[in-house]
Amino acid sequence: MPVWDILLSSILRRVIRQGYLRLRHADGRVERFGGAGARPSVTVHLDDRALSRALVLRPSLALGEAYADGRLNVGGDDIRGLLELLLVNLSKPRAGRSRALWRMGRRLSQFNPPRLARRNVSHHYDLSPLMYELFLDADRQYSCAYFENPQWSLDEAQAAKKNIIARKLLLKPGHRVLDIGSGWGGLALHLAQSHGAHVTGVTLSREQHRTSSLRAATSKLGNKPHFRLEDYRHVTGTFDRVVSVGMFEHVGAPHYGEFFRTVRERLTDDGVALIHTIGRAHGPAPTDPWIAKYIFPGAAIPALSEILPAVERSGLTLTDVDVWRLHYAQTLNAWRERFQANRDRIEAVCGARFGRLWCYYLAASEMAFRHGGLVVYQLQLARRIDAVPLTRDYLLDRVSAHEPAPVAEAG
């Protein structure tokens with residue numbers, strides 16, 4: 001038995017305490033780990049003799065690469081089940097873990113000046129528009145939805161998310177809003193149409209800018225929503241409200257201070273900001289190497305302990321923190337199911353390897369929210385301590401999944 005097979009088996013025997021794994025090596029030998037009949041239960045086929053060595057030395061990167069390349073196959077193509085099995089057994093927080101080395105390397109890997117930021121954004125967001133259309137909701141919201149009712153459709157839950165954000169922004173007709181990382185324009189259009197706001201959206205994705213500008217031009221909303229292909233650090237002027245949804249993960253830890261200083265500088269004296277970001281519930285940790293290489297280069301998921309010092313130094317006041325726990329897991333599950341249902345059409349445009357790579361990404365991300373300590377933070381911020389009501393009554397009504405009627409601008 002090859003030494004790397006022995007080492008891999010030894011690791012799996014120690015790790016798999018819950019669930020059941022049936023492993024078939026490239027030479028046909030079969031090993032079993034965990035309890036037969038336990039859930040989750042998966043069968044894995046290693047079709048490359050070199051895989052054992054790679055899985056021992058660099059497990060996360062090797063697992064994702066081997067699946068995307070077809071050198072590792074899962075019975076029933078149940079990659080979600082395999083990732084759940086692994087994360088259920090590996091996701092317990094490890095107290096006292098030394099982070100000195102990765103903290104040093106992080107400043108280099110997450111250095112994100114405007115030119116590099118544009119390239120990193122293009123890697124993920126300037127892909128085939130058809131692909132995003134086929135697995136996102138009708139409004140192309142590419143961030144965590146809000147499932148107040150677990151039976152809501154993805155479109156209903158995304159509409160609820162937009163309504164919550166508008167409520168936390170305390171919008172009034174005529175407010176000027178800066179949307180940092182405006183995506184395909186759905187949130188900006190909603191704030192303009194349903195709340196009478198004048199929204200400026202900025203993005204570094206050419207594809208997102210093209211789509212959002214076209215949507216604005218055909219919306220009959222005049223110039224209330226308009227979009228610019230621009231780095232948030234280059235925006236000038238002041239706004240009554242600043243919102244950023246799903247963009248802070250791309251800022252990079254060395255730039256957190258710069259981000260919140262920019263938010264403060266862009267806000268009017270009585271302005272309010274809402275930052276919606278994925279976060280780590282168990283403290284700072286390195287970015288998964290496979291995700292960093294293939295999906296989100298330069299990105300980093302922050303812990304609250306990394307965000308708040310930058311907020312404090314910026315001079316902003318933290319007026320509210322909301323933690324969404326399993327909402328993103330449900331969102332990702334809906335995206336993965338839609339992706340699978342349209343996989344033939346997506347692979348016809350993007351290729352079979354791309355299909356496997358993205359199936360892995362969506363399943364791994366869902367499991368990270370279910371078992372890996374990922375959550376979503378919504379931070380409400382203001383320049384003045386009295387800019388937001390002293391009680392949270394404005395949030396007490398049940399969230400509606402339906403869009404409110406358009407609000408006429410006050411004249």
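Below, a biologist asks a modeller how the descriptions of this predicted model are reached.

Biologist: Let's start with the whole chain. Why is the protein chain called as compact as a globular protein of its length?

Modeller: Happy to start there! The chain holds 16 helices and 11 strands. Its radius of gyration is 22 Å, and the globule rule gives 22 Å for 411 residues, so the chain counts as compact as a globular protein of that length. Along the principal axes, the C-alpha atoms fill a box of roughly 80 × 45 × 40 Å.

Biologist: What share of the residues is buried, and how much area does the chain expose?

Modeller: Buried residues make up 55% of the 411. The exposed area is about 18,200 Å², with 53% of it supplied by carbon and sulfur atoms. As for contacts with a separation of 6 or more, 73% of them join residues 24 or more positions apart.

Biologist: Now the sheet. In what order do the strands of the open sheet stand?

Modeller: The order of the 4 strands is E2-E1-E3-E4, with mixed pairing. The twist averages 20° from one strand to the next.

Biologist: Why are strands E2 and E4 said to stand at the edges?

Modeller: Strand E2 (30–34) and strand E4 (72–74) each have a single partner strand, so one side of each is left without a neighbour in the sheet.

Biologist: And what makes the pairing mixed?

Modeller: Look at E3 and its two partners. E1 and E3 run parallel and are joined by 5 bridges, while E3 (residues 41–46) and E4 run antiparallel and are joined by 3 bridges. Two strands pair if there are at least two bridges between them, so 5 bridges are enough for E1 and E3, and 3 are enough for E3 and E4. With both directions present, the word mixed fits the sheet.

Biologist: Which residues face each other across these pairs?

Modeller: Between E1 and E3, Leu21 has Val42 as its bridge partner. Between E3 and E4, Leu46 stands opposite Leu72, and His45 is partnered by Asn73.

Biologist: Which residues of E3 are on the covered face, and which on the uncovered one?

Modeller: Val42, Val44 and Leu46 form the covered face, whereas Ser41, Thr43 and His45 form the uncovered one. Helix H4 (residues 79–90) lies across E1 (20–24), E3 and E4, and runs at about 105° to E3.

Biologist: On to the interior. Which residues touch the most other members of the largest nonpolar core?

Modeller: In that core of 75 residues, they are Tyr142 and Trp358. Helix H16 (residues 352–371) gives the most to this core, with 12 residues. Leaving out residues up to four places away in sequence, the contacts of Tyr142 include Trp184, Phe296, Trp335 and Trp358. Another core, of 27 residues, lies apart from the largest one; among its members are Tyr256, Ile275, Leu316 and Tyr377.

Biologist: Now a few single residues. Why is Arg140 called buried?

Modeller: Buried means under 20% relative accessible area, and Arg140 has 15%, so Arg140 counts as buried. Arg140 is found in the loop between helix H7 (129–135) and helix H8 (154–169).

Biologist: How do you know that Lys220 and Ala348 are exposed?

Modeller: The cut-off for exposed is over 50%. Lys220 has 83% relative accessibility, so Lys220 passes. Ala348 has a relative accessible area of 66%, so Ala348 passes too. Lys220 lies in the loop between helix H10 (206–217) and strand E7 (225–229), and Ala348 is found in helix H15 (residues 343–350).

Biologist: What makes the backbone at Arg140, Lys220 and Pro40 worth a look?

Modeller: Most residues other than glycine have a negative phi, and most peptide bonds are trans. Arg140 has a positive phi, near 55°, and Lys220 has one near 60°. The peptide bond from Arg39 to Pro40 is cis, with omega near -5°. Pro40 sits in the loop between E2 and E3.

Biologist: One last item: how far apart are Ala348 and Ser60?

Modeller: In sequence, 288 residues separate Ala348 and Ser60; in space, C-alpha to C-alpha, the distance is 28 Å.

Technical notes. Residues numbered from 1 in each chain as written. Predicted model: local features only at pLDDT ≥ 70, side-chain atom pairs only at ≥ 80, totals over all residues. Heavy atoms only, no water. Axes fitted to C-alpha atoms, helices over the stretch in contact; angles between N-to-C directions. Contact = heavy atoms within 4.5 Å. Rg over C-alpha atoms; globule rule 2.2 N^0.38 Å. Buried < 20%, exposed > 50% of the residue type's maximum accessible area, 1.4 Å probe, protein only. Areas by Shrake-Rupley, 256 points an atom, 1.4 Å probe, with all protein chains shown as cover. Core = buried A, V, L, I, M, F, W, Y, C linked by side-chain atoms within 4.5 Å.
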